[in-house]
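Student: I am new to this structure and would like to learn how to read its features one at a time. Could we go through them together?

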Amino acid sequence: MATATATTTSILEQVPIGTLKLNGHAKKPVINDDNEHDSGHSTDNDDEVVIVDPYNYVGETFGSGPGENYPFAQFLPHNPDRTESDPVLPHFDIQDRGLKAHPNAARLRAFVEARGGKVKDKLIAIGTVIEGDIKLEDLGEEEKDDLALLVAQRGVVFFRNQHSLTIEAQRDLGRHFGPLHKHATYATPKRGDLDDVVVVYADHNSRPDPFAFTRAELFHSDVTYEVQPPGTTILRLLTTPEVGNDTLWSSGYAVYSSLSRPMQIYLESLTAIHSGFDQAASRTGISKIPRRQPIETVHPVIRVHPVTGLKSVFVNPGFVTRLIGVPKAESELILNFLKDAFAQQTDATVRWSWQSGDVAIWDNRIVNHSATFDAYPSLRHGLRVTPHAETPISVEEYEAQTGQKAKDWLEERHKSLGIKPINRDDGKTKKRAFRD
Ligand SMILES: [Fe+2]
């Protein structure tokens, strides 16, 4: 067993504070390398040292978790003890299920209406809630295909009361959309046979420091450093705080539409580096050997969704480190501008206040998302299933492959309403107008 001082120091040196949150609020852990103890425990006495097993822990910091009688104990986060990393992921040949959908998701709508439910948009730009007594596990193949399209069109679709959805059914639904991604570094459920499930978890041992990060930089798209980053992603929350710890999704289609034409053309010509190295570094105190070694990948800055044909800004502050082919100062300026654009577009950002049993299904290709960090010390626990999608397609590639013009979300909306597109501020437009 490592000594208290040595182990604590080594974790703090390896892990950036603010990511693992081993700050002044956390207890000092001693890692038990012998695997003698089942799990760690915490105490209110700051001087007392906590014995933990890093492969059998709960929370971002090593702690006691929700207690013995917790009904979802088998899904608490766990890091299997690895002797070596898995090889890099293979290439997956993926045909998007949305390509088989009815253009108006009519079969899904009929399924919902037949059960007295309703498909209801949350905002104009993003978010749809499916109301009524709808069980995701009852969807047939056609309804699932329509759901893939609806999620691609609306960015994120919500369902309440999915208490009967088992993790097996959630994985089956995910596999309909694509092969399930296995996270390179995150914990998987304690049950042990669910290495394609990500555990989303926070409790009284994972106090965030809200002064350590800006809200804008928390917006991210999941694991975009992968060669084939996820598409139709399914998160179900098992346990939620009474209030707080919401999630927000911001539309990449709408960010694209908000830009000037010269800026759109400029960004369409660029690629960016997406890096998994920071995320891997943030876990070195927990997983000494990650499932996969970190990688960096180059993706187009503007990608086209293969089903909707809409252009979307595909950068996020979580993983994008650099634009390629432009000087560093210009790269930072543009990436910061885009980061703020995602965080500031109140008309294209939808917010969900979770109840236990809720499911959100989002298209990770065309939205960035972020949780709020306001509900500490409440318990929040969920399971995410994350299917791979295609390797991101640039505007040029999409138009060459399909012979079709890639589209701008706002222009399409104006067309559908039969109104003229706006002039993107010709100098004569009226200045701001407040509305309550
Ligand atoms: Fe995420």
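Tutor: What follows is a conversation about how to read this model.

Student: What should I know before I begin?

Tutor: This is a predicted model, in which local features need pLDDT of at least 70 and side-chain atom pairs count only at pLDDT 80 or more, while totals for chains, interfaces and linings use all residues. Residues are numbered from 1 along each chain as its sequence is written, and side-chain values use heavy atoms, with hydrogens and water left out.

Student: How many helices and strands does the protein have, and how are they defined?

Tutor: Helices (H or I, at least four residues) and strands (E, at least two) are DSSP runs, numbered from the N terminus. Here the protein has ten helices and 19 strands. Of its 436 residues, 53% count as buried, where buried means under 20% relative accessible area, exposed over 50%, and partly exposed in between (1.4 Å probe, protein chains only). For contacts, meaning heavy atoms within 4.5 Å, residues 24 or more positions apart account for 80% of those with a separation of 6 or more.

Student: How many of the residues of helix α4 are buried?

Tutor: As a general idea, an α-helix has 3.6 residues a turn, so residues three or four places apart point the same way. Helix α4 (residues 167-177) is mostly covered, with eight of its eleven residues buried. Among them are Ile-167, Leu-173 and Phe-177, and the buried residues of α4 pack against α3, β8, β9, β17 (359-363) and β19 (380-385).

Student: Which residues hold the iron ion?

Tutor: Donors are N, O and S atoms within 2.8 Å of the metal (3.2 Å for Na, K and Ca), and because water is not among the atoms, sites may look incomplete. The protein donors of the iron ion are His-220 (NE2), Asp-222 (OD) and His-369 (NE2), lying 2.1 to 2.2 Å from it, and in sequence these donor residues are spaced H-x1-D-x146-H. His-220 lies in the loop between β8 (197-202) and β9 whereas His-369 lies in strand β18 (residues 367-371), so the pair ties together parts that are 149 residues apart in sequence.

Student: Are these two histidines buried or exposed?

Tutor: His-220 is partly exposed, with a relative accessible area of 22%, whereas His-369 is buried, at 6%.

Student: What does Thr-239 touch?

Tutor: Thr-239 lies in strand β9 (residues 232-239) and is buried, with a relative accessible area of 17%. Leaving aside its neighbours within four places in sequence, Thr-239 is in contact with Tyr-70, Phe-72, Ser-356, Leu-379, Arg-380 and His-381. The side chains of Thr-239 and Tyr-70 are also joined by a polar contact of 2.7 Å; such a contact is a pair of N or O atoms within 3.5 Å, and within protein one must be able to donate a hydrogen and the other to accept it, with residues adjacent in sequence counting only if both atoms are side-chain atoms.

Student: How is empty space found, and which residues line the largest cavity?

Tutor: Rolling a probe the size of a water molecule over the atoms shows where empty space is left. On a 1 Å grid over the protein atoms alone, a cavity is a set of points where a 1.4 Å probe fits but cannot get out, and a pocket is an open set with protein on both sides within 12 Å along at least five of seven lines; lining residues have an atom within 4 Å of a point. Grid points are joined across faces, edges and corners, and a volume is the space filled by probe spheres set on the points. The count comes to two cavities of 30 Å³ or more, and the largest has a volume of about 60 Å³. Its lining includes Ile-94, Asp-96, Phe-177 and Thr-232.

Student: What of the second largest pocket, and which element gives the most to its lining?

Tutor: The second largest pocket holds about 450 Å³ of space, and α10 (409-417) and α3 (141-154) are the elements that give two or more residues to its lining. With four residues, α10 gives the most.

Student: Where does the backbone depart from the general pattern?

Tutor: Most residues other than glycine have a negative phi, and most peptide bonds are trans. The peptide bond from Tyr-376 to Pro-377 is cis, with omega near 10°, and Pro-377 is found in the loop between β18 and β19. Val-223, although not a glycine, has a positive phi of about 40°, and counts as buried at 1% relative accessibility.
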